[in-house]
Amino acid sequence: MDLSPDSAFTAQANGTADLYDAAAADHEAFWAEQARSRISWATDFERTLDWDDAPFAKWFVGGSLNVAHNCVDRHVEAGNGDRVAIHFEGEGGDTRTITYADLQKEVSKAANALESLGVETGDRVAVYMPMIPETVFTMLACARIGAPHSVIFGGFSAEALHTRIADAEAKVVVTTDGQWRRGKPAPLKAAVDAAIHHGDDESPVEKVLVVKRTDTDVEWDDSRDVWWHDLVPGQPDTHEAQPMDSEHPLFILYTSGTTGKPKGIFHTTGGYLTQAAYTNAVVHDVHPETDVYWCTADVGWVTGHSYIVYGPLANGATQVLYEGTPDTPHQGRWWEIVEKYKVSILYTAPTAIRTFMKWGADIPAKFDMSSIRVLGSVGEPINPEAWLWYRKHVGGDKAPIVDTWWQTETGAIMISPLPGVTTLEPGSAQKPIPGISAEILDDDGNPFTEPEKVGYLVLTKPWPSMLRGIWGDPERYKETYWSRFGPKYYFAGDGAKYDEKGNIWLLGRVDDVMNVSGHRLSTAEIESALVSHPSVAEAAVVGAADETTGQAVCAFVILRGDAVDNGEETVQELRNHVAKEIGPIAKPRQVMIVPELPKTRSGKIMRRLLKDVAENREVGDVTTLADSSVMSLIKEGMSSGS
Ligand code: WT7
């Protein structure tokens, strides 16, 4: 199979081999050029990078810009107001076409509405919404005001919402009455109410703005709740976008770490937008005049931030926004959407591809997908089988696939092929994009390049869209990312290796973070949810290999002495308890009630052994266990459920 670039593709590609040379010759000059050529600045910057107070970076120092102006107004001013920004496709088949001129009006109205609710520059706004146009309007309205948004994925529970609202001290929450899930409405605002009325805590939330989406009954507090349809449509449809400092916070996004407390990763304005726009241009190869781009992620994750909202809109692209699931009302729904809108660039996750593989190649074969010319993958390693299937059955055996490695923390794509430039290697993200530098280190922190040796991925130079910290916790930022191998290396938390050709292969997390369907979950967070149940004395969670979701959550639980083990009933109760505490995405695939957990003499749980059990393997080396009979006790006394 020839995976070198097709010359016709190369001829039109945004990415070029020269970019690597330019970035290698002068890192800062390269990024300054990207910032000036792709973004409109109200005030030009004086200094490209200030790394004096490392690891706290400042990019494009002294510059000012407004992100919403860059994503919306300037396209209208350039005469592209009639270009479609968003083809919205609702789960139930309702549609809406939003041009850049429409978007400018909608975002302006939303910004005026938020201001009328008291939102000012610097205030935090929590967004708990499904995939509908109002979500994009809200995020851009926040950017327009300079009020950092904190989007919380709609699959998180009231409990998780509470923690995130409290940590960011959000003044306003924007939500919907409910969201469509496989043809049925599921409540959303109810969780906001519960998050606000949480024990005796005083909530920072002053106003809740509610979009009506499912006509679900909601409780109403007149002093606090406001319907979107009562407030927003009547607002003036113009709004002056004030330039923000390049380092003004744009958003906070919570992600799981190795402890139970989620980290509020925050990103700022100029650097983030520069790298989001640059990568969407050179990696996805977006040509705004001709492409129809579709990223299937949810805006509740960083992929939705960078590659639905900020990157494509900064570039003036036309995109599809789809509200629903891939199998509603039938398993060909995505391909029907590709055919209908002539999607030319599709960006999705390996877990989705593996699901489609299970459903069968005859389903996409029923649709005309000849419009597809670039495919992207993100969220977890893509196995070569899934890569090849994707290329053949979605990409017409010709579309380049960009396997993009990055993280909530990196803000934008870091390691990926450039379509039209790179000879592809199925299963490998290949190499850092121009402007990014990475290395693989051994246990002692020494870089190596030998093929097939496994080490730790690190990033060796600051990059524009890097996180600026953990909200309210600068120490944790230093400790988590800049101490494992000293202050010169950003520690990504991923294992990696090179192959014979020098390609990088990402091998999954090396810490206690799991990756379930491309979503990051912490073992500690789920363990602490489990022990908050009155029947649970102790819990250990591992991510076990799963054919579809990559990893699946498997929990081992010791019940309290006074708790009754009702077998399957107890198992279900504990699974549901985790869903309630964190959200349905964290619900364990299995809960195993065990008499003991394997521990070292110093009391550390040996998750490696539990993983062997969860993956039905022969249990590995048990010599470091404090009590070596524990593993047989576990295997004998296990009452398992699914
Ligand atoms: C973790 C970051 C990047 C946006 C979505 C997830 C894993 C991500 C890849 C890839 C191998 C990948 C890593 C990373 N990951 N993309 N192409 N190949 N692994 O963002 O929730 O912050 O998770 O996802 O383990 O550290 P996130």
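Trainee: How are H7 and H8 oriented to each other, parallel or oblique?

Mentor: They are oblique. In this predicted model, the axes of helix H7 (residues 158-168) and helix H8 (residues 189-196) cross at roughly 55 degrees and come within 8 Å. An angle under 35 degrees would count as roughly parallel and 65 to 115 as roughly perpendicular, so H7 and H8 count as oblique.

Trainee: Is that crossing left-handed or right-handed?

Mentor: The crossing of H7 and H8 is right-handed.

Trainee: And which residues make the contact?

Mentor: On the H7 side, Ala-158, Leu-161, His-162 and Ile-165. H8 brings Ala-191, Val-192, Ala-194 and Ala-195.

Trainee: Switching to the core, which residues touch the most other members of the largest nonpolar one?

Mentor: Leu-103, Leu-140 and Tyr-310, in a core of 113 residues. Helix H6 (residues 133-145) gives the most to this core, with eight residues.

Trainee: What does Tyr-310 touch, leaving out residues up to four places away in sequence?

Mentor: Its contacts include Met-139, Leu-140 and Ala-143, along with Val-67 and Cys-71. Tyr-310 also touches Leu-250, Phe-251, Tyr-272 and Leu-273, and two histidines, His-149 and His-305, are on the list too.

Trainee: What lies apart from that core?

Mentor: Another core, of 40 residues. Among them are Ala-126, Val-536, Val-557 and Val-591.

Trainee: Cysteines next. How many disulfides does the structure hold?

Mentor: Zero. Take Cys-142: the nearest cysteine sulfur is that of Cys-71, 13 Å away. A disulfide needs the sulfurs within 2.5 Å, so Cys-142 is in no disulfide.

Trainee: And what about Cys-295, which cysteine sulfur is nearest there?

Mentor: That of Cys-71 again, 15 Å away, and Cys-295 is in no disulfide either.

Trainee: Is Cys-142 buried or exposed?

Mentor: Cys-142 is buried, because its relative accessibility is 0%. Cys-295 has a relative accessible area of 2%, so that one is buried as well.

Trainee: One last spot: where does Val-458 lie?

Mentor: In strand E22 (residues 455-459). Val-458 counts as buried because its relative accessibility is 0%.

Trainee: What does Val-458 touch, beyond residues up to four places away in sequence?

Mentor: There are four aromatic partners to look at, Phe-485, Tyr-489, Tyr-490 and Phe-491. Val-458 also touches Ser-437, Ala-438, Glu-439 and Leu-441. While you're there, look at Asp-494 too: it is 36 residues from Val-458 along the chain, and their C-alpha atoms are separated by 8.4 Å.

Terms used: Residues are numbered from 1 along each chain as its sequence is written. This is a predicted model: local features need pLDDT of at least 70, side-chain atom pairs count only at pLDDT 80 or more; totals for chains, interfaces and linings use all residues. Side-chain values use heavy atoms; hydrogens and water are left out. A nonpolar core is a set of buried Ala, Val, Leu, Ile, Met, Phe, Trp, Tyr and Cys residues joined through side-chain atoms within 4.5 Å. Buried means under 20% relative accessible area, exposed over 50%, partly exposed in between (1.4 Å probe, protein chains only). Helices (H or I, at least four residues) and strands (E, at least two) are DSSP runs, numbered from the N terminus. Contact means heavy atoms within 4.5 Å. Axes are lines fitted to C-alpha atoms, for helices over the stretch in contact, and angles run from 0 to 180 degrees between N-to-C directions. Angles under 35 degrees count as roughly parallel, over 145 as roughly antiparallel, 65 to 115 as roughly perpendicular and the rest as oblique. A crossing is left-handed if the near helix is turned anticlockwise from the far one by less than a right angle, and right-handed if clockwise.
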